[in-house]
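Colleague: Let us go through this model together. I will ask, you reason it out.

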Amino acid sequence: MIILSATELTKAYGVDTILDRVSFHVNEGDRIGIVGANGAGKTTLLNILTGRDHADSGDFFVSGDTTVGYLSQKDDFSPDGTLMEEVQRIYGKFDEMEAEIHRLSDRIAEMAAEGNAETPEYSRTMERLGLLQDRFRSEGGFSWRSEMKGILTSMAFGEEYYDKEISTFSGGERTRLALACLLMGKPDLLLLDEPTNHLDIGMLKWLEQFLRNYRGTVMLVSHDRYFLDQMCTRIFEIEHHRLKAYDGNYTAFAEKKKLQREADLRAYEKQQEEIRRQEDIIRRFKERGTEHLAKRAASREKRLAHIERIDRPEQETGKVKIRFHQDFQSGNDVLIGEGLSKSFGIGRDRRELFRNVDFDIKRGERICIVGPNGIGKTTLLKIMMGETEPAEGYLKRGHQVTFAYYDQQQEMLDGSKTVMDEVHDAYRLYRDSEIRGLLGRFLFTSEQVFLRVDDLSGGERARLVLLKLMLSGANTLVLDEPTNHLDINSKEVFEEALREFPGTVIAVSHDRYFLNQVATRIYELNADGITEYVGGYDYYEEKKAAVASGRKYLNELKEETGRNEQLLEGLHSAQKAAGMIVRDEDGKPLTAAEERALKKKLQAEERRREREQKRLEEKIESLEAEILDLQEQMCLPEHLSDPVKLAELDEKLKACQEELEYVYDTWVELS
């Protein structure tokens with residue numbers, strides 16, 4: 001069933017057309033991702049659909065009984081309200097319903113006590129109470145408190161936040177709260193503008209699961225390609241002011257778009273070739289000067305004029321051009337940390353972020369740091385660069401290591417300067433013409449270079465920071481959430497530039513697609529230190545799942561063993577009470593049937609244990625062989641002279657050794 005449709009929507013600001021004759025429809029249950037470059041008109045479209053803006057022409061239709069919820073990039077919270085007061089606006093109806101249920105129940109009791117149980121009023125009150133109780137139950141009156149707590153907890157709001165004023169929240173906290181309140185409201189149609197901003201990986205996975213199970217319809221604007229892949233069943237792309245719909249997730253869309261563009265270009269070029277051939281034939285016929293050929297030329301001209309011309313496919317949206325370079329190379333050892341810890345406050349107000357953090361970063365590595373919000377990832381970056389001192393621990397920076405920093409808050413930009421001055425004042429050796437050329441590579445054209453930094457969008461500010469980063473010539477790039485404000489095209493160019501950069505990259509990111517494309521190692525930061533994973537995000541998830549599965553199996557095995565021991569003890573107790581014991585703790589034998597049953601159970605448990613031990617022994621043998629092979633490779637002359645290859649082999653060796661240690665521990669537990 002179609003719950004939303006739009007026809008010929010057009011929107012312009014002055015002479016700038018944003019949307020041009022946009023038409024589409026949305027079916028009930030669709031999960032639609034809206035993609036496009038920054039400034040393409042994605043947010044404008046959502047604002048029109050929610051009535052916050054209006055189209056210059058065209059119209060749209062929303063099914064009459066459809067409730068719409070909108071997560072915008074700017075929230076509408078009361079400046080003086082607390083978190084719980086905002087939540088109460090959503091669930092307050094249940095308090096009112098409960099109060100009315102109690103009032104009706106009391107009234108019914110009064111009438112019964114007065115002997116009026118047979119009156120029409122009593123019947124009407126009973127009927128009203130029954131309907132209200134049914135509504136209370138069906139709308140979630142018995143589960144709203146647990147539902148509320150679950151959503152708030154998943155968005156990192158513990159009970160200590162409930163009475164805090166929202167005015168004291170950070171921008172990220174306000175965005176998360178706005179999303180939480182929207183999910184609590186359960187509208188039929190969810191319109192979400194960049195819902196993944198400010199969410200860590202755990203929150204992202206929870207949100208994906210929540211929205212996949214959501215009974216309503218979802219339309220979302222996002223540059224998070226991994227999220228779009230996990231979530232969406234359709235993709236709407238806004239490009240060159242028009243909207244085109246594709247079935248499938250983001251990966252399917254990207255492939256279909258590429259194939260469609262290639263097919264359109266081939267069709268256009270083939271038609272152009274045929275037109276040129278026909279025009280050449282017509283020209284030759286006319287040159288002959290005979291009446292017969294002149295008629296044939298006129299006939300061909302007539303047919304050519306009636307051909308339906310294929311428009312040349314639009315040029316792809318402009319992409320930034322990034323190429324990072326280093327002025328000079330660092331030593332092989334870039335950063336070594338041992339036992340680092342950091343805390344804030346003193347006494348009862350002391351808050352420890354992390355402790356026992358160890359790392360060893362080599363030249364040419366691309367390290368990505370992940371972890372929950374608030375664990376101290378940005379603080380760790382600042383400790384690495386020497387901008388913040390650790391509370392404890394040892395930190396060594398390598399020879400000739402130079403840092404360039406991407407600040408996720410973009411506070412290193414001067415908002416009062418123009419775009420041109422911001423770059424020129426930082427890099428005075430460049431002439432104005434050179435700076436304008438560089439700004440053009442980052443999509444700042446004509447008069448845009450004279451805009452004040454404060455007047456730029458988040459994506460434009462991000463591109464400006466990347467330009468300054470590119471010009472720095474540093475051999476170690478330190479990046480704090482660098483993809484947050486970039487559109488998909490810019491992200492892809494940025495990722496390619498980082499892969500080609502000969503220096504070292506250290507990045508904090510929750511962008512799982514970025515982690516897959518860039519990371520050679522992932523550091524998971526938690527309160528007790530760092531856990532290392534070789535490879536990108538998918539390997540990190542696979543490894544975490546394997547370790548969790550192994551721990552779960554061990555716990556289940558321990559529980560099973562404990563249950564068997566309890567069953568045996570219970571059997572002995574029951575036999576003893578019934579006078580059936582013939583072998584108890586004093587050495588008296590069991591009956592023959594009981595002994596056979598017990599023996600069979602213990603043999604089955606022993607076979608299970610032996611099978612698992614055999615599997616683990618095979619795994620140990622495989623890992624030991626792999627470790628030996630890696631050690632031999634590291635001793636080869638061609639690898640000893642290649643520090644990058646040597647570092648790669650060393651990381652693989654460490655990963656195998658860690659896994660071997662874990663498998664050994666599991667084997668010992670079973671033994």
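**Domains and sheets**

Modeller: The protein is divided into domain 1 (80-184), domain 2 (256-306), domain 3 (333-542) and domain 4 (598-670). Keep in mind that the model is predicted.

Colleague: How far apart do the C-alpha centres of domain 3 and domain 4 lie?

Modeller: There is contact, with 6 residues from domain 3 and 5 residues from domain 4. The distance between the C-alpha centres of domain 3 and domain 4 is 35 Å.

Colleague: Which residues in domain 3 lose the most area to domain 4?

Modeller: Start with the area buried between the two domains, about 580 Å². Carbon and sulfur atoms give 52% of that area. On the domain 3 side, 56% of what is buried comes from the residues you ask for, taken together: Arg363, Glu532 and Val534.

Colleague: How many salt bridges are there between domain 3 and domain 4?

Modeller: Take polar contacts before that. With both residues at pLDDT 80 or more, the rule finds 0 residue pairs in polar contact across this interface. For salt bridges between domain 3 and domain 4, the count is 0.

Colleague: Which strands stand at the edges of the open sheet of 6 strands?

Modeller: The order is β14-β15-β16-β12-β17-β18, with mixed pairing. An edge strand has a single partner strand, so one of its sides is left without a neighbour in the sheet. Neighbouring strands here are turned by 20 degrees against each other on average, direction ignored. The edge strands are β14 (403-406) and β18 (529-534).

Colleague: What is the bridge partner of cysteine 368 in β17?

Modeller: Strand β12 covers residues 366-370, and β17 covers residues 521-526. These two strands pair in the parallel sense over 4 bridges. In β17, cysteine 368 has as its bridge partner isoleucine 522.

Colleague: Which helix lies across β12, β15 and β16?

Modeller: Set helix α13 (residues 458-471) aside: it lies across β14 and β15, at about 180 degrees to β14. The helix you want runs at about 150 degrees to β15. It spans residues 488-500 and is α14.

Colleague: Now the open sheet of 3 strands. Which residue in β2 does lysine 11 stand opposite?

Modeller: The order is β2-β1-β4, and the pairing is antiparallel. β2 (16-27) and β4 (57-62) each have a single partner strand, so one side of each is left without a neighbour in the sheet. Strand β1 (residues 2-13) is joined to β2 by 8 bridges. Opposite lysine 11 in β2 stands leucine 19.

Technical notes. Residues are numbered from 1 along each chain as its sequence is written. This is a predicted model: local features need pLDDT of at least 70, side-chain atom pairs count only at pLDDT 80 or more; totals for chains, interfaces and linings use all residues. Side-chain values use heavy atoms; hydrogens and water are left out. Two strands pair if DSSP finds at least two bridges between them. Axes are lines fitted to C-alpha atoms, for helices over the stretch in contact, and angles run from 0 to 180 degrees between N-to-C directions. Contact means heavy atoms within 4.5 Å. Domain bounds come from an automatic or database domain assignment. Buried area is the accessible area (1.4 Å probe) that two parts lose on being put together, summed over both. A salt bridge is a side-chain nitrogen of Lys or Arg within 4 Å of a carboxyl oxygen of Asp or Glu. A polar contact is a pair of N or O atoms within 3.5 Å; within protein, one must be able to donate a hydrogen and the other to accept it, and residues adjacent in sequence count only if both atoms are side-chain atoms.
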